[in-house]
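Let's take a walk through this protein together, one region at a time. Have the sequence and the 3D view open as you read.

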Amino acid sequence: MERFYYNCDTMGHYLNYLLSAIVLLCGGGLLRAQEVQVCDVKNPAVGDRNTTAVEISRVECTPVATTLYMEAYNRKQYWIQLDSVLHLHGAVTGRDYPLQRCEGLALGQHVYMPDSGNVSFRLVFPPLDGRDTSFDFMEGGKDGWFIKGVNLKEEREGKLHCRLTGTVEKTTEASRLVLHRYGLDARVKPFISIPVHNGKFEYDLYTDCIEAWQLYLWHDWMEGLFYWAKFLSENATLHITIPEEGRPKVEIDGTENRLMQDVDQRAESIFSPKYELYNARVDTLESEDDYFTPAGKDLYERLRTAETQEEANKIYKQRDSLEKSRRLYSPRMVALQDSLAACRAEEKSWRIREAARKPSVSGLSFLRFELDDSDHPDSLKQALWAVYDSVYADYLPGHPYHAVVDASRQFRTLAEGQPYPDYEITGDDDRPLRMSGLIRGKIALVDLWASWCGPCRANSKSMIPVYEEFKDKGFTVVGIAREKCRSDMEQAVRKDGYPWACYAEVEDANNVWALHGIGNSGGGTFLVDSDGTLLAVGASADEVREILRKKLGGKSGH
């Protein structure tokens, strides 16, 4: 005979519901039962936010309470602190719902992360008005953390459903995965945070078209050394294993993913032995102390003992100069680097031929990202464009990758002596501005930088004396900062003291970095003549000064 066992927690839950319903039906100015929001949403979609240290993994709305299941993240032994004054703000009603209690986290105190790098906790608020199908999570104080636009609608946008499941075999600092479209920069673009509990994770990804995505461990990314799993978001179920070391393993389902994996596996069988031989030879040079030139060894020793970030940034610039002149590495190491570049070009050519055999989303994805790379030699660029134009230009019309390729085509001639393109940026009042209107009639330095890029800011500060010397002679500077929040740029401008106008490129809204062919880098500089011709790309302050003295007059030299 089938038996039923009562669970104390379950019965307590039912009693709470019953008592709540009695109270609600008895009036007293409280919400009627039918007006209370009731839902249970995992991984709710969110809008604007100014933190990635805390995440909402689930929202449970009942007639009794609104419970937020939260995850806090940081490096192990680092701390976070969440204010004791927290509330929800209803998007429709405008009502505030104050925090009733917190379970699992001490509010208003430093909470140090365990080895996992994660603490799970719950926040309990009053029941939501049924009209509030979304809300903002707000921390007290004007500079408090916020997660806005938390959506309680369970319907997911997107025609395609890609089910992700997986295992993480690492035991420390492996509690969170980062998921986003392939090639985007998580430093400035929102990403999907997937919690890992007991070494397992799952996520339902909904998209409108098949695109490339990447998944990796957040803690590894924070350390700057990580492997990612790449997949295509088709109607399929994928299982991904993140090993203790090495590359993730993706168990493939779906036609397009199988095509991509087949190409990747064949490429690996051909080229991995060559890369392994390169690595072995590099190890030999390191063991023989023949990796750097004497100048390179001295530079890295000074970098190791640098006491300030300013000092380190200067050394980084010297390193870049040595590398550009091929004086950073030993002759044997330079020869190895040349062989590696040749091997990579050979692999790219092989993949181009594979993409040309039959059009596929995998092939379109490959071309889209390779055409974005401004460092390819001209012969490789020509081969990429030839295959795109002959095989892919009319494949899957309307796919978003075509718009990116069209932008790459427009800006691929970005070089000295060529016309500097016009494009749109966002003004301080969120109104669009044309770059041509900001620089017309002057010699202008377009300075692309970011608050999180130390070398970029050091370069920008080095331009201040140049600006002061020539600002009244027909020279201007326009700064554009690549940020996740406008306030990050504003704080950096106040600290560094830039005297020129700076604008924020928030979450790559205008694709300014892609339009300049510098991908996910921190920034770059572009010196434009008064007639719109590009004078220099990546020029130093001294080089800009010398060009301006020739163009605008003044004493040459120092």
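What follows is a tour that goes from strands to cores, then to cysteines, helices and a sheet.

Keep in mind that you're looking at a predicted model. A good place to begin is strand S9, residues 118-125, which is mostly covered, with 6 of its 8 residues buried. Strand S3 (residues 66-73) runs antiparallel to S9 and is joined to it by 8 bridges. To find that pairing on screen, look for Glu71, whose bridge partner in S9 is Ser120. Strand S7 (residues 101-103) is also antiparallel to S9, this time with 3 bridges. Here the pair to look for is Cys102 and its bridge partner in S9, Leu123.

Leu123 is worth remembering, as it turns up again in the largest nonpolar core. That core has 29 residues, and Leu68, Leu123 and Phe137 are the ones with the most contacts inside it. Strands S1 (39-42), S2 (54-61), S3, S5 (86-90), S9, S10 (134-139) and S11 (146-151) each give two or more residues to the core. Nonpolar side chains tend to be buried together in soluble globular proteins. Try clicking on Phe137 to see its surroundings. Setting aside neighbours within four places in sequence, Phe137 is in contact with a list of residues including Ile56, Leu68, Met70, Leu88, Leu123, Phe125 and Trp145. There is also a second, separate core of 28 residues, and among its members are Cys456, Cys502, Ala504 and Leu527.

Cys456 brings us to the disulfides, and the count comes to 1. The partners are Cys453 and Cys456, with their sulfur atoms 2.3 Å apart. The link is right-handed, with 70° about the S-S bond, and both of these cysteines are buried. So why does Cys162 have no such bond? Its closest cysteine sulfur is in Cys209, and because that is 13 Å away, it's too far for a bond. Cys162 still counts as buried, at 0% relative accessibility. Cys343 is buried as well, with a relative accessible area of 8%.

Now for some helices. Helix H6 (residues 331-357) and helix H8 (residues 378-392) have axes that come within 10 Å and cross at roughly 10°. That angle is under 35 degrees, which means H6 is roughly parallel to H8. On the H6 side, the contact is made by Lys348, Ser349, Ile352, Ala355 and Ala356, and H8 brings Leu380, Ala383, Leu384, Val387, Val391 and Tyr392. Then there's helix H7 (residues 361-370), where 10 of 10 residues are buried. Its buried residues include Arg368 and Glu370, along with Leu364, Phe366 and Phe369.

The last stop is an open sheet of 5 strands in the order S24-S23-S22-S25-S26, with mixed pairing. S24 (501-506) and S26 (534-537) stand at the edges with a single partner strand each, so one side of each is left without a neighbour in the sheet. From one strand to the next, the twist averages 20°. Within the sheet, S22 (residues 443-449) and S23 (residues 475-483) pair in the parallel sense over 7 bridges. You can spot this where Trp449 stands opposite Ala481 in S23. Finally, helix H13 (residues 486-496) packs on the sheet and touches S22, S23 and S24. The direction of H13 makes about 150° with that of S24.

Key: Residues numbered from 1 in each chain as written. Predicted model: local features only at pLDDT ≥ 70, side-chain atom pairs only at ≥ 80, totals over all residues. Heavy atoms only, no water. Buried < 20%, exposed > 50% of the residue type's maximum accessible area, 1.4 Å probe, protein only. Helix = DSSP H or I, 4+ residues; strand = E, 2+ residues; numbered from the N terminus. Pairing = 2+ DSSP bridges. Core = buried A, V, L, I, M, F, W, Y, C linked by side-chain atoms within 4.5 Å. Contact = heavy atoms within 4.5 Å. Disulfide = S-S within 2.5 Å. Axes fitted to C-alpha atoms, helices over the stretch in contact; angles between N-to-C directions. Parallel < 35°, antiparallel > 145°, perpendicular 65-115°, else oblique.
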